[in-house]
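Pull up the model and keep the sequence beside it. Let's walk through how a pair of helices sits together and then look at a few residues one by one.

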Amino acid sequence: MKQKIEEAIKHIEESKTIAEGTKPLVIEKLEEWKEEKGAISDVAVRLEKWWAEIEPIFAELGWV
């Protein structure tokens, strides 16, 4: 789990699509989750909820 979170952090740091102001916030949360056993499932649930909120917007734009 820790290795996967480290990989995610590296990807976020190198990403050109994530706003520079957002990166530290996301990385800080990932660092917290790195020490929790249920972190990966928590991240998955949060991403699913986020996608459920924005998917209609993307659909409206014809992106999905």
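What follows starts with the helix pair and then moves to single residues.

A word on ground rules: this is a predicted model, where local features need pLDDT of at least 70, side-chain atom pairs count only at pLDDT 80 or more, and totals for chains, interfaces and linings use all residues. Residues are numbered from 1 along each chain as its sequence is written, and side-chain values use heavy atoms, with hydrogens and water left out.

Two packed helices are described by the angle between their axes and the distance between the axes. Here the pair is H1, residues 2-14, and H2, residues 23-34, packed at an angle of about 175° with their axes 10 Å apart. (Helices are DSSP runs of H or I with at least four residues, numbered from the N terminus; axes are lines fitted to C-alpha atoms over the stretch in contact, and angles run from 0 to 180 degrees between N-to-C directions.) That angle makes H1 roughly antiparallel to H2, a label used for angles over 145 degrees.

Who does the touching? From H1 come Lys 2, Ile 5, Glu 6, Ala 8, Ile 9, Ile 12, Glu 13 and Glu 14, and from H2 come Lys 23, Val 26, Ile 27, Leu 30, Glu 31, Trp 33 and Lys 34, where contact means heavy atoms within 4.5 Å. Sorted by type, these residues are eight nonpolar, no polar and seven charged. (Nonpolar covers Ala, Val, Leu, Ile, Met, Phe, Trp, Tyr, Cys and Pro; charged covers Asp, Glu, Lys and Arg; the others, Gly among them, are polar.)

Now stay with H2. Its buried residues are Lys 23, Ile 27, Leu 30, Trp 33 and Lys 34, buried being under 20% relative accessible area, exposed over 50% and partly exposed in between, with a 1.4 Å probe and protein chains only. Seen down the axis, they fall within an arc of 120°, so they line one face of the helix; the arc is that of the directions from the helix axis to the C-beta atoms.

Take Lys 23: at 6% relative accessibility it counts as buried. Setting aside neighbours within four places in sequence, Lys 23 touches Ile 12, Glu 13, Glu 14, Ser 15 and Ile 18. Ile 27, also buried, has a relative accessible area of 16%, and with the same kind of neighbours left out, Ile 27 is in contact with Ile 9, Ile 12 and Glu 13.

Finally, Ala 19 sits in the loop between H1 and H2. At 46% relative accessibility, Ala 19 is partly exposed.

Conventions
Helix = DSSP H or I, 4+ residues; strand = E, 2+ residues; numbered from the N terminus. Parallel < 35°, antiparallel > 145°, perpendicular 65-115°, else oblique.
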